[in-house]
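Biologist: Please put the model on the screen. I will ask how each term is earned, and you can set the values against the definitions.

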Amino acid sequence: MHRFDLTGRTALVTGAARGLGRAFATALAEAGADLVLVDLPGAPGLAETADLVRRTGRTAHPYEQDLSRTDELAAFADEVRAAVGPLHVLVNNAGVAALERFNEITPESWFRVMRVNLDAVFFLTQRIAEHMVNDRVAGRIITVTSKNGLVAEAGLAHYNASKAAAELLSQTLAIELAPHGITVNTLAPGMVETPIDGEFPFDRDAFEAAYRERIPLGRYARPEECTGALLLLASDEGSYLTGSRIVVDGGVLADQMPRTRFMPPYRNTLPSADPAP
Ligand SMILES: NC(=O)c1ccc[n+]([C@@H]2O[C@H](COP(=O)([O-])OP(=O)(O)OC[C@H]3O[C@@H](n4cnc5c(N)ncnc54)[C@H](O)[C@@H]3O)[C@@H](O)[C@H]2O)c1
């Protein structure tokens with residue numbers, strides 16, 4: 001297990017105040033990393049995530065930065081580097097979504113989603129990668145995309161486009177940073193139990209029940225079920241993974257058509273088998 005050990009390394013996680021970001025920060029701390037935690041000014045959960053990190057015995061440096069202010073991100077990355085030293089792991093996790101038909105998406109909504117999910121990922125990574133090269137760090141850059149960056153879903157034209165773009169951005173940076181020993185990958189979750197998509201313009205319970213039926217594993221992921229993939233990408237164990245992606249979606253993308261529910265129930269064909277559970 002020592003190849004998953006992150007002792008002596010510092011990881012920056014964006015969107016760390018809740019949801020997946022909090023789970024990622026806690027898992028990285030449990031693996032031994034010190035943490036830089038970034039979220040919006042006034043984000044209520046940031047201090048609580050910092051407490052969770054400190055409870056593991058690691059150091060937490062919380063920062064309040066609106067990542068959509070892309071013209072501030074180079075100076076922000078410089079400030080963090082000066083305060084905490086070299087960064088070894090960058091987790092671009094912060095993201096926003098809005099459910100709206102494509103013809104009703106306003107310029108404000110389109111650019112809000114693009115700024116956080118794509119522009120901020122580019123400009124923050126651009127500067128932090130420069131520091132990693134300068135510091136001769138075998139850095140690990142992980143961007144949290146989505147299964148929606150691979151296959152579309154109605155009502156999320158801006159979100160889908162931003163996540164698909166982040167996938168190709170990650171591959172491009174993987175090639176350009178490979179000579180420096182820095183790996184760049186994506187982690188693409190399916191449906192995860194987090195507060196994202198807070199405003200649902202339709203019956204959320206009915207939608208989620210229908211969605212669960214579409215998921216071969218039959219349920220949404222808990223945030224903690226995405227952290228194993230993250231630790232692989234962040235650690236020495238993932239040293240030959242770059243320009244790649246790990247999909248953590250309970251089997252959704254593997255299932256072209258949910259046919260099993262129309263088929264006869266599973267029967268165990270082994271002669272000695274007990275009746276199927
Ligand atoms: N929850 C899911 O089902 C799911 C599925 C696939 C992908 N994802 C992706 O996982 C990532 C995390 O999502 P989550 O579900 O934990 O969402 P969440 O809404 O629970 O958490 C996102 C965090 O990002 C922060 N954030 C948003 N805009 C920001 C900004 N401008 N500057 C700084 N911080 C900002 C929020 O304050 C929040 O703390 C996102 O990139 C999301 O697209 C989530």
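Biologist: What classes of residue make up the lining of the largest cavity?

Modeller: Six nonpolar, three polar and no charged residues make up that lining. Ala, Val, Leu, Ile, Met, Phe, Trp, Tyr, Cys and Pro count as nonpolar, Asp, Glu, Lys and Arg as charged, and the others, Gly among them, as polar. The lining consists of Thr14, Leu67, Asn92, Asn93, Ala94, Val116, Ala120, Val121 and Leu124. Thr14, Asn92 and Asn93 therefore count as polar.
This is a predicted model, in which local features need pLDDT of at least 70 and side-chain atom pairs count only at pLDDT 80 or more, while totals for chains, interfaces and linings use all residues. Residues are numbered from 1 along each chain as its sequence is written, and side-chain values use heavy atoms, with hydrogens and water left out.

Biologist: Why is a space called a cavity?

Modeller: On a 1 Å grid over the protein atoms alone, a cavity is a set of points where a 1.4 Å probe fits but cannot get out, and a lining residue has an atom within 4 Å of a point. Two cavities of 30 Å³ or more are found here. The largest has a volume of about 50 Å³, and the second largest about 30 Å³. A volume is the space filled by probe spheres set on the points, which are joined across faces, edges and corners.

Biologist: Which elements supply the linings of these two cavities?

Modeller: Helices (H or I, at least four residues) and strands (E, at least two) are DSSP runs, numbered from the N terminus. In the largest cavity, α4 has the largest share of the lining, with four residues. For the second largest cavity, α4, β5 (140–144) and α5 each supply at least two residues, and α5 has the largest share with four. Its lining includes Val121, Ile141 and Leu173.

Biologist: What makes a space a pocket instead?

Modeller: A pocket is an open set of points with protein on both sides within 12 Å along at least five of seven lines. The largest pocket has a volume of about 1100 Å³. It is lined by 48 residues, of which Arg18, Gly95, Val96, Ala97 and Ile196 are the closest to its centre.

Biologist: How do you know where the ligand sits?

Modeller: A molecule sits in a pocket if more than half of its atoms lie within 2 Å of the grid points. The ligand sits in the largest pocket, so it passes that test. Around the ligand are 28 residues (a heavy atom within 4 Å). The closest are Arg18, Asp39, Asn93, Tyr159 and Thr194. By class, the shell has 14 nonpolar, ten polar and four charged residues.

Biologist: What makes an atom pair between the ligand and Lys163 a polar contact?

Modeller: A polar contact is a pair of N or O atoms within 3.5 Å. A polar side-chain atom of Lys163 is 2.9 Å from an oxygen atom of the ligand, so the pair qualifies. Polar backbone atoms of Leu20, at 2.8 Å, and Asn93, at 2.7 Å, also lie within the limit from a ligand oxygen atom.

Notes. A polar contact is a pair of N or O atoms within 3.5 Å; within protein, one must be able to donate a hydrogen and the other to accept it, and residues adjacent in sequence count only if both atoms are side-chain atoms.
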